[in-house]
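Good morning, and thank you for the time on today's agenda. I should like to introduce one structure to those who have not seen it before.

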Amino acid sequence: MRNLQSRITINPDQCGGRPCIRGMRIRVVDVLDLLAQGLTTEQVLEEMPDLEREDIEAAINYE
């Protein structure tokens, strides 16, 4: 089983300590905002080419 939550990192010195994707400066909330605006997973991946499909899934399931 994949551990999607390991894709979410929190570093107090990066992005104000907010949850990010794999140590990049892409915040979970930014991914969720794009999805909430109606973008599809494919469109988010085009918008943020450093992301992987599993990153988006991890963001959606982040608690």
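Let me begin with a convention: Lys and Arg count as positive and Asp and Glu as negative, while His and the chain ends are not counted. On that basis, the protein chain carries 7 positive and 12 negative side chains. The centres of these two sets lie 4 Å apart. I should add at once that this is a predicted model.

Now to the overall architecture. The protein chain has three helices and two strands. Read from the N terminus, the order of these elements is β-β-α-α-α. The radius of gyration is 11 Å, close to the 11 Å that the globule rule gives for 63 residues, so the protein chain is as compact as a globular protein of that length. Along the principal axes, its C-alpha atoms fill a box of roughly 30 × 30 × 20 Å.

How much of the chain is buried? Of the 63 residues, 32% count as buried. The protein chain exposes about 4200 Å², and carbon and sulfur atoms supply 46% of that area. As for contacts between residues at least 6 apart in sequence, 43% of them join residues at least 24 apart.

I turn next to the salt bridges. How many does a search of the whole structure find? The search finds five, and I shall discuss some of them individually.

Consider Arg7, which forms a salt bridge with Glu52; their closest N and O atoms are 3.1 Å apart. This pair links distant parts of the chain, with the two positions 45 residues apart in sequence numbering. Arg7 belongs to the segment before β1 (8-9), and Glu52 to the loop between α2 (41-47) and α3 (53-61). Are the two partners buried or exposed? Arg7 counts as buried because its relative accessibility is 18%, and the cut-off for buried is under 20%. Glu52, with a relative accessible area of 33%, is partly exposed. The pair also belongs to a wider arrangement: Arg7, Arg22, Glu52 and Asp55 are linked in a network of salt bridges.

A further salt bridge joins Arg53 and Glu42, at 3.0 Å from N to O. Here, too, distant parts of the chain are linked, since Arg53 sits in helix α3 and Glu42 in helix α2, 11 residues apart. Both partners are partly exposed: Arg53 has a relative accessible area of 41%, and Glu42 stands at 40% relative accessibility.

Arg27 forms a salt bridge with Asp30, and the closest N and O atoms of that pair are 2.8 Å apart. Arg27 is partly exposed, with a relative accessible area of 24%.

Finally, I would draw attention to Pro19. Where does Pro19 lie? Pro19 is found in the loop between β1 and β2 (20-21). At 22% relative accessibility, Pro19 counts as partly exposed. Which residues does Pro19 touch, leaving aside those up to four places away in sequence? They are Ile8, Thr9, Ile10, Arg27, Val28 and Tyr62. One of these, Arg27, is the partner of Asp30 in the salt bridge just described. Pro19 and Arg7 are 12 residues apart in sequence, and their C-alpha atoms are 9.9 Å apart in space.

That concludes my presentation, and I thank you for your attention.

Key
Residues numbered from 1 in each chain as written. Predicted model: local features only at pLDDT ≥ 70, side-chain atom pairs only at ≥ 80, totals over all residues. Heavy atoms only, no water. Helix = DSSP H or I, 4+ residues; strand = E, 2+ residues; numbered from the N terminus. Rg over C-alpha atoms; globule rule 2.2 N^0.38 Å. Buried < 20%, exposed > 50% of the residue type's maximum accessible area, 1.4 Å probe, protein only. Contact = heavy atoms within 4.5 Å. Areas by Shrake-Rupley, 256 points an atom, 1.4 Å probe, with all protein chains shown as cover. Charge placed at Lys NZ, Arg CZ, Asp CG, Glu CD. Salt bridge = Lys/Arg side-chain N within 4 Å of Asp/Glu carboxyl O.
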